[in-house]
Amino acid sequence: MSFKNSQPWWRTQVNSNVVLSDDGVNDLLAQLAGRQTLFIIDLALSYQPVFAPLFKQPNVILFHAAACEPKTGDVDDIVAKYRKNPPQVVVAVGGGGTMDLAKAVGICLGNPEPAAFYQGWGNELNPGVPVWALPTLNGTGAELTPIAVLRGPEKKLGINSPLVAPELAMVDPNLSQGVPFINRFYTMMDCYYHHYEITLSKTSEANAIKDAYDGLELARQVLATDLKTFDYEVAVKSAKASILGGSSTIGGRVGASHAISYGLSNAASTLPHSVAVTMAMLGLGQVYGEGRQETIDILAAHGVAQPKARSYGIAMSDLGKLVKTALGMDKLWLSHFGEGWEKEVTREFLENIYKGIIEA
């Protein structure tokens with residue numbers, strides 16, 4: 001059976017219409033016909049001919065995803081430009097960061113406050129402009145997740161609401177052909193961590209955990225291959241793992257390594273999330289023994305050096321900021337440790353973890 005004709009492999013009910021494609025760009029444009037559309041596209045794709053039809057559209061904003069993750073200020077600037085005459089659809093074309101930016105723009109176009117106001121959980125939100133996603137990097141899960149992760153003036157944190165999830169996800173594994181090896185590798189590492197943590201979660205729903213187990217197996221299969229060259233069958237597995245990453249998030253929640261990674265990201269504006277969560281896993285041997293060892297083995301097998309905090313300017317002088325951020329990730333600590341997590345996640349516990357990461 002071709003990928004396009006695959007039956008749903010996820011158990012969790014998702015809010016997005018998942019469209020499987022072998023010609024994603026043209027299928028997307030066909031479905032958008034007649035709609036006033038704003039495209040938010042990763043700048044890196046401008047060098048790939050397959051995406052040329054998208055760059056010819058009348059309303060295109062380029063996002064330099066390689067330079068920095070999306071910021072609340074980026075969202076506010078775009079919303080201010082389109083507030084008076086909003087599009088009917090916001091389309092994200094790119095990886096997780098580009099999709100997060102578009103999801104945040106979509107929801108903020110329907111709400112009056114700046115993006116930073118809506119970071120976190122439990123905010124009352126009006127529906128925004130529908131967002132469609134065309135992922136070009138398989139593994140982030142952002143094409144389905146009800147989260148738009150942003151760097152704010154004080155913290156890196158998501159806008160979390162079912163209203164944030166894309167209305168449509170157009171998934172074509174072929175579109176990841178132009179992705180550099182290191183991006184393909186680290187994105188799948190993040191996919192692995194996402195699933196690994198949810199399988200160990202104490203607060204996630206049963207179907208989310210089952211989806212995470214399936215996604216974990218697919219991520220391991222992908223990471224056992226040579227990712228330096230594009231292979232369509234591997235890309236299909238990556239796309240399926242990514243969808244499971246999105247579905248498992250709807251009823252599930254990640255845990256300790258993501259909590260630690262948020263502190264690292266807040267201390268270093270150029271640190272990609274996938275690298276931060278890898279760094280965090282390497283520092284969490286006492287929490288995720290299997291995950292840490294598997295990370296070491298996978299990095300070695302692919303000839304990738306273990307990432308170092310000092311490479312991104314993180315030092316002991318950042319310890320207070322790192323700990324403060326991690327202590328605020330209560331839902332993630334609850335996911336891993338369950339009720340009474342506060343007894344486990346003490347300031348001393350976090351200081352020791354971050355000291356180990358900084359000194360590694």
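Which residues point one way from β5, and which the other way? I began my notes with this strand, keeping in mind that the model is predicted. I found V131, A133 and P135 on one side of β5 and W132 and L134 on the other, and every one of these residues is buried.

**Entry 1: strand β5 and its partner**

I looked at the cover of β5 as a whole, which runs over residues 131-135, and noted that five of its five residues are buried. I then turned to strand β4, residues 89-94, which pairs with β5 in the parallel sense over five bridges. For one position in this pairing I wrote down the partner: V91 is bridged to W132 in β5.

**Entry 2: strands β6 and β7**

I next looked up β6, residues 147-151, where four of the five residues are buried, and so I list the strand as mostly covered. Strand β7, residues 156-160, runs antiparallel to β6 and is joined to it by five bridges. The connection between β6 and β7 is a hairpin through four residues, and within the pairing I found V149 opposite G158 of β7.

**Entry 3: the chain as a whole**

I stepped back to the whole protein chain and recorded 14 helices and eight strands. The C-alpha trace spans about 60 × 45 × 40 Å along its principal axes. I compared the radius of gyration, 19 Å, with the value near 21 Å that a compact globule of 360 residues would have, and the two agree. Of the 360 residues, 57% count as buried. I also checked how far contacts reach along the sequence: among those between residues at least 6 apart, 75% join residues at least 24 apart.

**Entry 4: helices α5 and α9**

I looked up helix α5, residues 181-199, and found that its 19 residues reach 27 Å from the first C-alpha to the last, close to the 27 Å expected at 1.5 Å a residue. Because 17 of the 19 residues of α5 are buried, I describe this helix as largely enclosed by the rest of the structure.

Helix α9, residues 273-282, gave me a similar entry: ten of its ten residues are buried, so α9 too is largely enclosed by the rest of the structure. Among the buried residues of α9 I noted H273, S274, T278 and M281. I asked what covers the buried residues of α9, and the cover includes β7, α5, α8 (256-267), α10 (289-301) and α14.

**Entry 5: aromatic rings**

I counted eleven aromatic pairs in the structure. In one of them, F3 and W9 are tilted, with 6.1 Å from centre to centre and 45 degrees between the planes. Both F3 and W9 are buried. In another, the rings of W333 and F349 have centres 6.2 Å apart and planes at 80 degrees, so I record this pair as edge-to-face. This pair links distant parts of the chain, since W333 lies in helix α12 (residues 330-337) and F349 in helix α14 (residues 347-359), 16 residues apart. I found W333 buried, and F349 likewise. I also noted one aromatic cluster, formed by Y192, Y193, Y196 and Y288.

I then looked for charges over rings. The charged end of K228 sits over the ring of F181, 4.4 Å from the ring centre. The charged end of K240 sits over the ring of W9, at 5.2 Å from the centre.

**Entry 6: two single residues**

Is H336 buried or exposed? I placed H336 in helix α12 and found it buried, with a relative accessible area of 10%. Setting aside neighbours within four places in sequence, I listed the contacts of H336 as L200, K202, G255, A256, V287 and Y288. The last of these, Y288, is also a member of the aromatic cluster with Y192, Y193 and Y196.

For the opposite case I looked up K81, which has its place in helix α3, residues 72-82. At 61% relative accessibility, K81 counts as exposed, the cut-off for that word being over 50%. I closed with one long distance: K81 and M316 are 235 residues apart in sequence, and their C-alpha atoms are 41 Å apart in space.

How values were computed
Residues numbered from 1 in each chain as written. Predicted model: local features only at pLDDT ≥ 70, side-chain atom pairs only at ≥ 80, totals over all residues. Heavy atoms only, no water. Buried < 20%, exposed > 50% of the residue type's maximum accessible area, 1.4 Å probe, protein only. Helix = DSSP H or I, 4+ residues; strand = E, 2+ residues; numbered from the N terminus. Pairing = 2+ DSSP bridges. Phe/Tyr/Trp six-rings, centres within 6.5 Å; stacked < 30°, edge-to-face > 60°. Lys NZ or Arg CZ within 6 Å of the ring centre and 35° of its normal. Expected span 1.5 Å × (residues − 1). Rg over C-alpha atoms; globule rule 2.2 N^0.38 Å. Contact = heavy atoms within 4.5 Å.
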